[in-house]
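Here's a protein chain to explore together. Have a look at the picture first, and then we'll walk through it piece by piece.

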Amino acid sequence: MWFANFFIAGSITMVLPFLSLYIETLGSFSDKYVQNWSGITFGVTFVAAFIFSPIWGKLGDRYGRKHILVLSGLGLGLSVFLMGFVTTVWQLFLLRLFMGVFTGFISMSQALISTQTPKKIAGKVLGTLQTGSVTGSLMGPLVGGVLADTFGYSSTFKWLSIILIASALLVLIGIHESKIKEEDNSKSSYSSKEVIHHIFHHPMLLMVMLVSMFIQIAHFSIQPILSLYVGELHGPASIALFSGMAFSAAGLGNLMMARKWGKLADRVGYIKILVTLLLLAGVFYFPGAFVTNIWQLIVLRFLLGMSIGGIIPVRIAYIRQEAPIAMQGEVLGYNTSIRFFGNIIGPVMGGILAGAFGFSSVFLVTSILLIACGVTLFITLQRQNRLPHETQSV
C-alpha cells in the first residue's frame, strides 16, 4: 500500500507544474484568462472530491475498501488519460471535475490500513503510510516537469494514466483485505443518519474533524503566494528553483517526522500529540511574516513540515479509536470532505489577505488560526477528562 500511495500522490501532483502552461496551448488567451482558469480547473477537483468522499467511504464500509481503491485508481487513470486529448479548456475543466469524483484513493487507503491494524500501533503504521504520500508529492512535480519538457504535455498525461492504472492493479493483486470483526458485538453496518449521530455525540471526534478543515485552510492559504513571497525575498534570479526549495522543505520535514509522531501518539495519546503539533505549527508559521532572506523562510518551512507532518496519521488513528469499524470508511469520508473544503477556502483566504494587507498578514493569520485550534482542542480534552468525575459526583 505504501507504493500505491507513492505512485498515486506522485501522479496527481505531477501535473501541477504545467497545468497553466497546458491551458495556454489550448488557444490564444490573455494572461488573466489563463490564471483564472488555472485556478478554476485546479480547484474543481476538490469540489467534486468534497461531495463524493463520504459516498465512497460508505460504499467501502459496505462492500470492501479494496474494491473501492481499485475503482478509484482506474477512474483516476481514465480521466488523466483523456486529458491528453482535450482541445478546449472546457473539456479539461470537465475532466478535472470527473477526476475529483475518484480522488479519494489516499483517504480510502488510510481507512483500509486503519481497520486492518491493531489500535495500539495505528499511529505508527499510518505514519509510515503517510511517508509514501509525502514522498510521492515531493517527487511528483519534479518528475512531471521533466516528462513535460521531454515528451510534451499531452504525452505526459498519457504516461501518468499508465502509472495510475498500474497502482490500481498493484492494489488488486498485492493487497488482501481481511474481514475484521467488530468489538463488543457492535453492528455490522450503520445508516448515514447513525454515523452522523455518532459524530455529533462524540465532541472530541467532531472537534478533531473540524480541526482538519482549519489545518487545510492554514496549509493552503500560503500556497498561492509562496512563490511571490520568495521572489520578494530573493529577487527574480532562479526563482523557480528557490520556490521549489521552499515548497519541498516542508515536505522533507513531514517525511522525516510523520512516522515518529504516530509512534509517539500511540504511546502518550493522540489528542495530546495533536494539541502539541498544532501549537508548534502555529509557532513556526508566525516568524515567517518577518523573515528577511530566503534561507530563513526555508528553515521555517522545514520546521513547519516536521510539526505538521504528524497531524494526518495521528488524526486518523484517533478516528480509528473512536469510530466503530463498520462506519470508519464513511467517517473518514466526511473527514476528507471537510479537508477538501479547507483546500477550497485556504487559497482564496490567502489571496485576499495578501492582496489587502501584504504577504506577512497570511503568515500571521495562519499562525493565529493554528494556535486557536490547538487551544480549542486542549479545552475540549480538559472538559472530556472532567466528565467521568462530574458524573460520579452527581
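Of the 394 residues in this chain, 52% count as buried, where buried means under 20% relative accessible area, exposed over 50%, and partly exposed in between (1.4 Å probe, protein chains only). Keep in mind that this is a predicted model: local features need pLDDT of at least 70, side-chain atom pairs count only at pLDDT 80 or more, and totals for chains, interfaces and linings use all residues. Residues are numbered from 1 along each chain as its sequence is written, and side-chain values use heavy atoms, with hydrogens and water left out.

What is the chain built from? It has 17 helices and zero strands; helices (H or I, at least four residues) and strands (E, at least two) are DSSP runs, numbered from the N terminus. Take the contacts between residues at least 6 apart in sequence: 84% of them join residues at least 24 apart. Contact here means heavy atoms within 4.5 Å.

**Three helices and their spans**

The expected span of a helix is 1.5 Å times one less than its number of residues. Here is how that works out for three of them.

| Helix | Residues | Expected span | Distance between end C-alpha atoms |
|---|---|---|---|
| α5 | 89-101 | 18 Å | 19 Å |
| α15 | 311-322 | 16 Å | 16 Å |
| α16 | 328-357 | 44 Å | 42 Å |

Start with α15. Ten of its twelve residues are buried, so α15 is largely enclosed by the rest of the structure. The buried ones include Ile311, Pro313, Tyr318 and also Arg315 and Arg320.

Next comes α16, which is followed by glycine 358, a residue with a positive phi near 100 degrees. Serine 337 sits in α16 and counts as buried because its relative accessibility is 4%. Leaving out residues up to four places away in sequence, serine 337 touches Ala49, Phe50, Ser53 and Pro54.

**A helix pair**

Now for α5, whose buried residues include Val89, Leu92, Phe93 and Met99. How do α4 and α5 pack? Helix α4 (residues 65-83) meets α5 at an angle of about 170 degrees, with the axes 9 Å apart. Axes are lines fitted to C-alpha atoms, for helices over the stretch in contact, and angles run from 0 to 180 degrees between N-to-C directions. That makes α4 roughly antiparallel to α5 (the label for angles over 145 degrees). Among the residues making the contact are Leu76 and Leu82 of α4, and Leu92 and Phe98 of α5.

**The cores**

A nonpolar core is a set of buried Ala, Val, Leu, Ile, Met, Phe, Trp, Tyr and Cys residues joined through side-chain atoms within 4.5 Å. The largest one has 64 residues, and those with the most contacts inside it are Ile271, Leu278, Leu297, Val331 and Leu377. Apart from this core lies another, of 23 residues, with Leu19, Trp56, Val86 and Met99 among them. In soluble globular proteins, nonpolar side chains tend to be buried together.

Which residues does isoleucine 271 touch? Not counting residues up to four places away in sequence, isoleucine 271 touches Met204, Val208, Tyr318, Leu377 and Leu381.

Last stop: alanine 281, in helix α13 (residues 270-285). Is alanine 281 buried or exposed? With 0% relative accessibility, alanine 281 counts as buried. Beyond its neighbours within four places in sequence, alanine 281 is in contact with Leu304, Ser307 and Leu370. The C-alpha atoms of alanine 281 and glycine 309 are separated by 9.7 Å, and the two residues are 28 residues apart along the chain.

Note on methods:
Angles under 35 degrees count as roughly parallel, over 145 as roughly antiparallel, 65 to 115 as roughly perpendicular and the rest as oblique.
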